Amino acid sequence: MSVNIDFELLNHIALHFKNSKSKMTKQHQIYNIRHLVAPLNLWLKQYNIDTPLRVAHFLAQACCETFQYSALTEYPAHGGKEYDAGTKIGRKLGNNLKGDGPRYIGRGLLHLTGRFNNQLMGKRINVDLINEPTLVASDLNIAVITACEYWTMRSCNLDADRDQFDAIMVKINGGTYGREERLNALNRAKKYLKIL
């Protein structure tokens with residue numbers, strides 16, 4: 001049974017910002033939720049992320065990677081310098097030139113991060129993400145396609161079919177950061193999709 005993505009589903013999964021200081025965040029969230037519907041419906045089907053469990057797991061991870069769908073670009077504590085060439089995480093991400101850390105901060109639905117991942121993904125989707133890494137955040141089709149490609153490369157559909165939340169979280173995030181938030185988002189998705 002294929003799942004139709006709509007505004008209500010994404011809106012239900014996301015937590016909402018309540019205080020007046022987060023007005024811009026709220027606006028970005030609503031904008032992204034509204035405009036992600038069409039590319040999600042197009043590309044999730046293309047990548048067979050189309051059953052209720054697969055969709056629930058994918059959207060829950062995307063929700064938490066993007067600060068509740070409000071930011072398709074991450075805001076690292078040190079502007080990405082913590083990912084720069086010469087750092088442990090920078091080496092892991094293939095950042096070998098000074099400035100690569102800030103240049104290749106996480107972008108897109110599953111926050112594509114690092115020179116290596118941008119180069120690999122660019123080749124897979126035939127877009128120059130080495131010279132234009134910001135496209136992963138500014139073009140919603142690319143934001144979704146890169147997330148779907150990464151999901152597929154990591155065989156996350158198989159984990160979703162078995163409802164293996166922790167396996168997916170580690171593949172997407174590299175660890176257990178934000179585990180409770182991700183699990184809560186997954187439960188909201190499952191509830192909306194009537195699989196909980």
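In the predicted model, helix H2 (23-46) and helix H7 (135-138) each contribute at least two residues to the lining of the second largest pocket. The largest share of this lining, 4 residues, is supplied by H2. The second largest pocket encloses about 180 Å³ of space. Its lining is made up of Thr25, His28, Tyr31, Asn32, Phe67, Ser70, Ala71, Leu72, Tyr75, Ala137, Ser138 and Leu140. By class, these lining residues comprise 7 nonpolar and 5 polar residues, with no charged residue present.

The largest pocket has a volume of about 1,000 Å³. It is lined by 33 residues, of which Glu65, His111, Thr113, Ile172 and Asn173 are the closest to the pocket centre. The lining of the largest pocket divides into 16 nonpolar, 9 polar and 8 charged residues. At least two lining residues come from each of helix H3 (52-65), helix H4 (88-92), helix H6 (115-125), helix H8 (140-153), helix H10 (165-173) and helix H11 (179-192). Among the contributors to the lining of the largest pocket, H10 gives the most, with 4 residues.

H6 and H8, both of which supply residues to the lining of the largest pocket, also pack against each other. Two packed helices are described by the angle between their axes and the distance between the axes. The axes of H6 and H8 come within 11 Å and cross at roughly 100 degrees. Since angles of 65 to 115 degrees count as roughly perpendicular, H6 and H8 are therefore roughly perpendicular to each other. On the H6 side, the contact is formed by Leu120, Met121, Arg124 and Ile125, which meet Ile142, Ile145, Thr146, Glu149, Tyr150 and Met153 of H8. The contact of H6 with H8 has 7 nonpolar, 1 polar and 2 charged residues.

Arg115 is also located in H6. With a relative accessibility of 15%, Arg115 counts as buried, because the class covers values under 20%. When neighbours within four places in sequence are set aside, Arg115 is in contact with Leu93, Gly94, Asn95, Asn96, Leu97, Asp100, Tyr104 and Ile130.

A further buried charged side chain was examined in H11, where Lys190 is found. The relative accessible area of Lys190 is 8%, and the residue is therefore buried. Not counting residues up to four places away in sequence, Lys190 touches Leu53, Ala56, His57, Asp163, Ile195 and Leu196.

Ile195, one of the residues touched by Lys190, lies in the segment after H11. Ile195 has a relative accessible area of 32% and is partly exposed, as values between 20% and 50% fall in that class. Outside the residues up to four places away in sequence, Ile195 touches Pro52, Leu53, Ala56 and Lys190. The C-alpha atoms of Ile195 and Leu53 are 7.6 Å apart in space, although the two residues are 142 residues apart in sequence. Leu53 and Ala56 thus appear among the contacts of Lys190 and among those of Ile195.

Technical notes
Residues numbered from 1 in each chain as written. Predicted model: local features only at pLDDT ≥ 70, side-chain atom pairs only at ≥ 80, totals over all residues. Heavy atoms only, no water. 1 Å grid on protein atoms, 1.4 Å probe; cavity = no way out; pocket = protein on both sides within 12 Å on 5 of 7 lines; lining within 4 Å. Points joined across faces, edges and corners; volume = space filled by probe spheres on them. Axes fitted to C-alpha atoms, helices over the stretch in contact; angles between N-to-C directions. Parallel < 35°, antiparallel > 145°, perpendicular 65-115°, else oblique. Contact = heavy atoms within 4.5 Å. Buried < 20%, exposed > 50% of the residue type's maximum accessible area, 1.4 Å probe, protein only.
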